[in-house]
Amino acid sequence: MAEYHKYSIKQNRFNRSFLTGFEIEGETKLRCVPDTYGRLFICDSIDGIESGAKWGRLHLDYKIHEDMVITTYAAALEEKEIWWDDRLIYVEDIFKNSEIPKKDKIQILEKLGAIKRINRTDILLYELEGRYLYLCVEVQGLGEGEISNLWVDNHGDFFLDTFPEVYQDYGSFFHRYMSVFSGVYMDFQEKIDKVADFLDIDTAPVQFLPVFCQWMGLDVSGDFLTEEKLRTLVREAYHLNRTKGTREALLRVCEIILGEKVIILEKNVMQKNTQAENQEIYEGLYGKGIYDVTLLIHTYVPENQKSQLMFLLNQFKPIRTNLKIKFLDQKGSLDGHVYMDMNAQVMDTQVVALDERAGLDSNVMLKE
């Protein structure tokens, strides 16, 4: 029996294949171009290593609009050359030639004895035999869709070998029947083999990340963090816990969440350098208590996200601290969080629109 091989179809093979109407997204995904009716992917040949190679199961995951149809073709050849227009030519030269119509390429696959299946995620390839395997995926219909997790193996069943030889008829009804249970077993076994990936921050499913945060004593409920920011927060949770209650922790959490370095102003520090005549102004800006702390940020945060950000920052602030966030608006006024080296500017006439956070003050004029 040939050694088991599983061939994953990923980005490198996508780049070597024929694609029209698809866009490569990430490592293992093809996304349908919405305004294109016919899309075609013809995979670069998969080498079965030996002559007369037998093929097992083809798998793909897809999400398409209900009005769209996905058709899968698979053909196996011993050689890469065929007769075309009375001459010997490489099959891949035909498939990768953008000047040859898509329907002609599909007709060639059908003449080569390709298996054809419609709207299937798992396809048995037992009837195919040949060293080189050619796969084709066609998606028809307008709408959005995606194809991912494409792979093919050369052994569709492991259970058949446990039966007496009289039952080991390759491609028979019994063989195909046992492949159902073997396929379930192989899928579970693959998940078991990759169980360590679920505990790796870089590879764990995104729904596991809030659980990891809970293990570290952090509450990130609310789904207000992107996957990238959430992974970074989990990755640095140990160090952040060790520095919890410090200025350093607040600065780093804000940098992760907002993507910028914020400025922290502590009232008890500023009060020592404040002149008596300016005391009332400073209290209006930075609070009256010695535990008041103000975060100055340039990134505008909507009110709903601001409350979620405060919920997270409150887990890292020092005890008794009264924390508030101030967005440095570029249209501020004197005595209202305007700083010469940060957001101060000479005002000029400007055109504004409703629902764009435009403030109506003495610098804005309404015109017909």
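## Close-up views of the predicted model

**View A. Tyr-73 and its partners on either strand.** In β11, Tyr-73 has Lys-116 as its bridge partner. In β13, the residue standing opposite Tyr-73 is Cys-136. Keep in mind for this and every other view that the model is predicted. The strand in the middle of the picture is β8, which covers residues 69-77. With β11 (residues 115-118), β8 pairs in the antiparallel sense, over four bridges. With β13 (residues 132-140) the sense is again antiparallel, and here nine bridges hold the pair. As a reminder, strands in a sheet pair through backbone hydrogen bonds, and they can do that either parallel or antiparallel. Is β8 mostly covered or mostly open? Mostly covered: eight of the nine residues in β8 are buried.

**View B. Leu-135 and its surroundings in β13.** Staying with β13, this view moves to Leu-135, which has its place in that strand. Leu-135 counts as buried because its relative accessibility is 4%, and the cut-off for buried is under 20%. So which residues does Leu-135 touch, once its neighbours within four places in sequence are left aside? The contacts are Ile-9, Phe-41, Ile-42, Cys-43, Ile-46, Leu-58, Tyr-73 and Ala-74. Tyr-73, the residue from View A, is thus one of the contacts of Leu-135. Another distance to look at is the one to Val-152: 17 residues separate it from Leu-135 in sequence, and the two C-alpha atoms are 9.6 Å apart.

**View C. Two asparagines with a positive phi.** Most residues other than glycine have a negative phi, which makes the next two worth a look. Asn-119 is not a glycine, yet its phi is positive, at about 50°. You'll find Asn-119 in the loop between β11 and β12 (122-124). Asn-149 goes the same way with a positive phi of about 55°, and it is not a glycine either. Asn-149, though, is found in strand β14. Buried, partly exposed or exposed: which label goes to Asn-119? Asn-119 counts as partly exposed, because its relative accessibility is 36%. The label for Asn-149 is partly exposed too, because its value is 34%.

**View D. The largest pocket and what lines it.** The volume of the largest pocket is about 870 Å³. Asn-149 shows up again here: together with Thr-28, Glu-190, Lys-194 and Asp-197, it lies nearest the centre of the pocket, out of 20 lining residues. Where does the lining come from? β1 (6-9), β7 (57-64), β14 (145-153) and α4 (173-193) each supply at least two residues. The largest share is four residues, and β14 provides it. By residue type, the lining splits into eight charged, six polar and six nonpolar.

**View E. An open sheet of three strands and the helices on it.** The strand order is β15-β16-β17, the sheet is open and the pairing is mixed. At the edges sit β15 (263-266) and β17 (322-327), each pairing on one side only. From one strand to the next, the twist averages 25°. β16 (residues 292-297) runs parallel to β17, and six bridges join the two. To find your bearings in that pair, look for Ile-297, which stands opposite Phe-327 in β17. Helix α11 (residues 303-313) packs on this sheet, where it touches β16 and β17, and its direction makes about 140° with that of β17. Helix α8 (residues 247-258) lies across β15 and β16 and runs at about 145° to β15.

**View F. Asp-223 in a loop between two helices.** The loop in question connects α5 (209-215) and α6 (227-235), and Asp-223 is found in it. Why does Asp-223 count as exposed? Because its relative accessibility is 75%, where the cut-off for exposed is over 50%. Pro-210 is 13 residues away from Asp-223 in sequence, and C-alpha to C-alpha the two are 9.2 Å apart.

**View G. Stepping back to the whole protein.** Eleven helices and 17 strands are present in the protein. Of its 368 residues, 38% are buried. Among contacts with a separation of 6 or more, 68% are between residues 24 or more positions apart.

Note on methods. Residues numbered from 1 in each chain as written. Predicted model: local features only at pLDDT ≥ 70, side-chain atom pairs only at ≥ 80, totals over all residues. Heavy atoms only, no water. 1 Å grid on protein atoms, 1.4 Å probe; cavity = no way out; pocket = protein on both sides within 12 Å on 5 of 7 lines; lining within 4 Å. Points joined across faces, edges and corners; volume = space filled by probe spheres on them. Nonpolar A, V, L, I, M, F, W, Y, C, P; charged D, E, K, R; others polar. Pairing = 2+ DSSP bridges. Axes fitted to C-alpha atoms, helices over the stretch in contact; angles between N-to-C directions. Contact = heavy atoms within 4.5 Å. Buried < 20%, exposed > 50% of the residue type's maximum accessible area, 1.4 Å probe, protein only.
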